[in-house]
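Biologist: Please take a close look at the aromatic pairs in this model, and at the surroundings of the rings involved.

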Amino acid sequence: MAHGRLPIKPSSKGFQTSSESATPFSNWSTELRFCLVCSQQLLKGLNYSAQGEGLRLLGYFGDPRVFLIMKDCAVDHLIPRCRRTACGVLASLNYDDKEDANDAYATLQQLVDCEDWTLRYAAIESLLNFKHMHFIEEDLKAKTPGIISGRLSAESEDSELLKAKIGYMVENKTI
């Protein structure tokens with residue numbers, strides 16, 4: 001896996017910077033370094049709206065080096081908005097490693113069964129709009145229609161409106 005070390009890491013109090021992991025990002029573009037600095041400031045503290053925007057900002061350039069942060073946030077962050085943002089970013093990163101792309105896709109598949117309906121919806125939308133489907137293994141792809149249709153079944157606790165929205169997304173996007 002080709003990850004650069006980012007000087008931010010999630011913690012129970014939002015995101016904290018780690019001085020020992022801060023390294024010069026000379027191989028990163030000026031825009032991405034600026035984005036990283038801005039994101040660091042947004043991810044600090046307890047302003048969850050700012051954290052969501054910081055995550056979106058980190059994902060803006062699609063750099064795959066933010067994959068681990070996005071995966072951790074999608075699975076473990078306390079705030080649903082941040083988790084939904086991380087789902088969207090996971091789907092839009094420019095993966096250069098099949099392993100990371102498959103890991104992100106599998107993570108999104110797992111989030112389809114999350115208790116929070118907004119996160120389920122974000123995970124389904126992210127699966128349907130995954131940017132680098134050519135990296136995804138066929139057996140992993142084959143599970144997706146069954147996972148999504150499980151959310152549309154009569155046994156699903158999802159509301160009829162949510163089922164209609166998911167059905168509309170599935171009809172308008174081939175998976």
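Modeller: The ring pairs come first, then the core, then the confidence. The model is predicted, and a search of the whole structure finds four aromatic pairs. In one of them, the ring centres of Tyr 60 and Phe 61 lie 5.1 Å apart with the planes at 85°; an angle over 60 degrees counts as edge-to-face, so this pair is edge-to-face. Tyr 60 is exposed, at a relative accessible area of 64%, while Phe 61 is partly exposed, at 34%. Another pair is Tyr 95 with Phe 130: the centres are 5.9 Å apart and the planes at 10°, so the two rings are stacked. Tyr 95 sits in the loop between helix 4 and helix 5, and Phe 130 in the loop between helix 6 and helix 7, so the pair ties together parts 35 residues apart in sequence. Both Tyr 95 and Phe 130 are buried. Ring pairs join these two with Phe 67 and Tyr 105 in a cluster.

Tyr 95 and Phe 130 are also among the residues with the most contacts inside the largest nonpolar core, which has 37 residues. Helices 2 to 8 each supply at least two residues of this core. Leu 108, another of the residues with the most contacts there, touches Phe 130 as well as Cys 87, Leu 90, Ala 91, Ala 123, Ser 126 and Leu 127, leaving aside neighbours within four places in sequence.

As for confidence, the protein averages a pLDDT of 78, and 74% of the residues score at least 70. The mean is highest in helix 5, at 94, and lowest in strand 2, at 45. Over residues 1-24 pLDDT stays under 50.

Definitions and conventions:
Residues are numbered from 1 along each chain as its sequence is written. This is a predicted model: local features need pLDDT of at least 70, side-chain atom pairs count only at pLDDT 80 or more; totals for chains, interfaces and linings use all residues. Side-chain values use heavy atoms; hydrogens and water are left out. A nonpolar core is a set of buried Ala, Val, Leu, Ile, Met, Phe, Trp, Tyr and Cys residues joined through side-chain atoms within 4.5 Å. Buried means under 20% relative accessible area, exposed over 50%, partly exposed in between (1.4 Å probe, protein chains only). Helices (H or I, at least four residues) and strands (E, at least two) are DSSP runs, numbered from the N terminus. Contact means heavy atoms within 4.5 Å. pLDDT is the predictor's confidence in each residue, from 0 to 100. Rings of Phe, Tyr and Trp (its six-membered ring) pair if their centres lie within 6.5 Å; planes under 30 degrees apart count as stacked, over 60 as edge-to-face and the rest as tilted.
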